[in-house]
Amino acid sequence: MKMTPAVIFAGSVLILAAVVAVVVVLPYYHTNQTQPSEIFRPRTDAEAAGRQIYIENGCVYCHSQSIRSIDWGLGAERIADAGDYVADRPILLGSQRTGPDLSQQGGEHPDDWHMAHFANPRYTSPLSIMPAFAFLGEEKIQELTAYVQSLGMKDADRRMARQNKWKEQAVAAYEKGPDKNVQWLHDHVPETWRKMANPYPTTEGGLARGHKIYQDFCMGCHGPIGDGMGPAQPYLYPPPLNFTVLKDRGITGGILYYQIMNGITGTAMPYFKKHLESEKIWDVGNYVAEYFINQSDAGEDIGGIDVSYEP
Ligand code: HEC
Ligand code: HEC
């Protein structure tokens, strides 16, 4: 065939059309066939408004919203499915994990934790490098919170229902005063833990470690002197515990450990089992016991764990 300008033109158009078909039309056709996954549900208006704020403020530059099978190290609870994203335009999968993955964020914390965290992330997480979003104002922060609490869709709704159920009880217990509140808090701790002393004896090194961990993880809520008056306090209800109320109320190292490890659902108290190794939990527990409660059972032999540890 003779390469006339018309033939070259027609050939170029054909090549372009083929490329567009493979790169645009076929994928579009294919993704349009995606069926909603079993956790899918449409967003409410507040959640959709929050998603817009998420896009406008570049949250996607630090947070992914997709857990892959290789991400089990994150403690992944659900491998993302294309059907989770059918309503998303644009999809916010993200490629950076400067902050944690948020695809299952809904119900991880109660709403009050998010209000404090968005106002200033260092209130709840003293080492955070996430920017403060107080400038958005309360209404937008509420919408943003509604959005992050919807991540995980039906699974998130189940977790939120659990948070709200426990919050009601936590608030009721708090309003009945310290005796009833401490009793309520400790009723959730299994008996073995309630009777367990901190197996590590108090040492200068252990207290120094505990002090540092307290500053890095706890101070924004429980406050520098353990009275529950950290900067997050005005946002949280029930407010962070004033540790001094625990004195002479049956507190043990085991209770402190159990609560720090698992958190207290329905309150802003997060679980720390993903952040702190076992020894660090004992150390920060003993720091709280020695300095704020003024009553420590560290190293006492009242049964429980017999550690293979030489102080
Ligand atoms: C500069 C990076 C950065 C940006 C931008 C950013 N974050 Fe974060 N985010 C982090 C880091 C780091 C953490 C972990 C420490 C903490 O809790 O603050 C975090 C934590 C979080 C958490 C708590 C996760 C958990 O369960 O502990 C949520 C929710 C969150 N970010 C939402 C957002 C939203 C919504 C935006 C946008 C308005 C945003 N982030 C913008 C870095 C960022
Ligand atoms: C985001 C705020 C927040 C952070 C951060 C936080 N706490 Fe709490 N903490 C709370 C709240 C709220 C409660 C429950 C108050 C209530 O229900 O009366 C609580 C309760 C507790 C209890 C329960 C005491 C008991 O006798 O049952 C312990 C122990 C505790 N916190 C220790 C810690 C330690 C140690 C850290 C850091 C590793 C920490 N908390 C970080 C908010 C927080």
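Me: How many Å separate the centres of domain 1 and domain 2, taken over C-alpha atoms?

Reply: Keep in mind that this is a predicted model. The domain assignment gives domain 1 as 45-159 and domain 2 as 176-293. Taken over C-alpha atoms, their centres are separated by 27 Å.

Me: How many residues does the contact take from domain 2?

Reply: A residue counts here when its heavy atoms come within 4.5 Å of the other domain. On that basis domain 1 puts in 14 residues. From domain 2, the contact takes 18 residues.

Me: Which three residues supply 41% of the area that domain 1 buries against domain 2?

Reply: Between them, the two domains bury about 1,200 Å², with 61% of it on carbon and sulfur atoms. On the domain 1 side, no other three residues supply more than this trio. They are Asp112, Tyr123 and Pro126.

Me: Which helix gives the most to the side of domain 1 that touches domain 2?

Reply: Two helices, α3 (111-119) and α4 (121-124), each supply at least two residues of that side. The one giving the most does so with 5 residues, and that's α3.

Me: How many nonpolar residues does the side of domain 1 that touches domain 2 have?

Reply: Sort that side by class and you get 2 polar and 3 charged residues. The nonpolar ones number 9.

Me: How many residue pairs are in polar contact across the interface of domain 1 and domain 2?

Reply: Salt bridges first: the rule finds 0 of them across this interface. For polar contacts, both residues of each pair are at pLDDT 80 or more, and the number of pairs found is 2.

Technical notes: Residues numbered from 1 in each chain as written. Chains lettered and ligands numbered in written order. Predicted model: local features only at pLDDT ≥ 70, side-chain atom pairs only at ≥ 80, totals over all residues. Heavy atoms only, no water. Domains from an automatic or database assignment. Buried area = accessible area lost by both parts, 1.4 Å probe. Salt bridge = Lys/Arg side-chain N within 4 Å of Asp/Glu carboxyl O. Polar contact = N/O pair within 3.5 Å; in protein donor to acceptor, adjacent residues only side chain to side chain. Helix = DSSP H or I, 4+ residues; strand = E, 2+ residues; numbered from the N terminus. Nonpolar A, V, L, I, M, F, W, Y, C, P; charged D, E, K, R; others polar.
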